[in-house]
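Got the model open in your viewer? Keep the selection box handy and let's walk through it stop by stop.

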Amino acid sequence: MSETSSKFHGQCYCGNVQVAVSGPAAVSGYCHCLDCRKWHGAPINAFSVWPSSSVNIEGETLMSEQSDASGRLSCRVCGGCVANLKPSLGMTVVYPMTLAGAEDSLTFEPSFHIFYGERVMDLADGLPKFVSLPPDFGGNGETIAEAEQTGWRA
Ligand SMILES: [Zn+2]
Ligand SMILES: [Zn+2]
């Protein structure tokens, strides 16, 4: 399998929804925003982004109408998080953990943390930590210095 034709397959918690992505992710990272924490029920959200044309989702899904900027897609059967559609950007966020663990498993290669200003956990992993978003993604690029160790914030 060549680098350009690489394809990764995944599925939701119950397997009703199948996800496939072509090629390497445009970017990967960790999001600490309140919306992601609520939707995933997790302190941190690992994300990877592909051009929407490289993402194929099959199966019955449910779309959250909570936000105009995000179309959070979950499985209609198990409720598992599947993707986050960004139609204004032509991009789709696919959760790398739905693509991990298979034979043709995706390697998650995070570049940075976003919305670190909203975090509930400190991460000491050496990656850049943006208060909101990097300049390339419409943020001001402001970063937060890394804490000495990983852990829940007091
Ligand atoms: Zn499911
Ligand atoms: Zn988020």
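Begin with the open sheet of 3 strands, which come in the order 1-2-5 and pair in the antiparallel sense. Strands here are DSSP runs of E with at least two residues, numbered from the N terminus, and two of them pair if DSSP finds at least two bridges between them. Select residues 7-11 and 55-58 next: these are strand 1 and strand 5, the edges of the sheet, and because each has a single partner strand, one side of each is left without a neighbour in the sheet. From one strand to the next the twist averages 15°, with axes taken as lines fitted to C-alpha atoms and angles running from 0 to 180 degrees between N-to-C directions.

A word on what you're looking at: the model is predicted, so local features need pLDDT of at least 70 and side-chain atom pairs count only at pLDDT 80 or more, while totals for chains, interfaces and linings use all residues. Residues are numbered from 1 along each chain as its sequence is written, and chains are lettered from A and ligands numbered from 1 in the order in which they are written.

Now show side chains on strand 1. Phe 8 and Gly 10 point to one face and are buried, while Lys 7, His 9 and Gln 11 point to the other and are not. Buried means that 20 or more other C-beta atoms lie within 10 Å of a residue's own; exposed means 12 or fewer, partly exposed is in between, and the C-beta atoms are placed from the backbone.

Step across to strand 2, residues 18-22, which runs antiparallel to strand 1 and is joined to it by 5 bridges. Opposite Gly 10 you'll find Val 19. The hairpin of these two strands has 6 residues between them, and Gly 15 takes a positive phi near 90° there. Strand 2 alternates too: Val 19 and Val 21 are buried on one face, with Gln 18, Ala 20 and Ser 22 pointing to the other and not buried. Toward strand 5 there are 4 bridges, again antiparallel, and Val 21 has Val 55 as its bridge partner.

Next stop, the other sheet. It is open, with 7 strands in the order 6-7-8-9-4-3-10 and mixed pairing. Strand 6 (61-63) and strand 10 (112-114) are its edge strands, each pairing on one side only. Ignoring direction, neighbouring strands are turned by 30° against each other on average. For a look inside, select strand 4 and strand 9, which pair antiparallel over 4 bridges; Ser 48 has Val 94 as its bridge partner.

What holds the most contacts inside the largest nonpolar core? That core has 26 residues, and Val 19, Val 21, Cys 31, Val 82, Ala 83, Val 94 and Leu 99 have the most contacts inside it. Such a core is a set of buried Ala, Val, Leu, Ile, Met, Phe, Trp, Tyr and Cys residues joined through C-beta atoms within 7 Å. Strands 2, 3, 4, 7, 8 and 9 each supply at least two of its residues.

Zoom in on Val 82, in strand 8. Val 82 counts as buried because 28 other C-beta atoms lie within 10 Å. Leaving out residues up to four places away in sequence, Val 82 touches several residues, including Cys 12, Val 19, Ile 57, Leu 73 and Thr 98; contact means C-beta atoms, placed from the backbone, within 7 Å. Tyr 95 is 13 residues away in sequence, with 6.6 Å from C-alpha to C-alpha.

Try Cys 31 next: among its contacts beyond four places in sequence are Cys 36, Phe 47 and Phe 115. Follow that last one to the loop between strand 10 and strand 11. Phe 115 has a positive phi near 50° despite not being glycine. Most residues other than glycine have a negative phi. With 21 other C-beta atoms within 10 Å, Phe 115 is buried.

Last, pick Thr 150, in the loop between strand 11 (121-122) and strand 12 (151-152). Is Thr 150 buried or exposed? Exposed, because Thr 150 has 11 other C-beta atoms within 10 Å. Beyond its neighbours within four places in sequence, Thr 150 contacts Asp 122, Leu 123 and Ala 124.

Definitions and conventions. Two residues are in contact if their C-beta atoms, placed from the backbone, lie within 7 Å.
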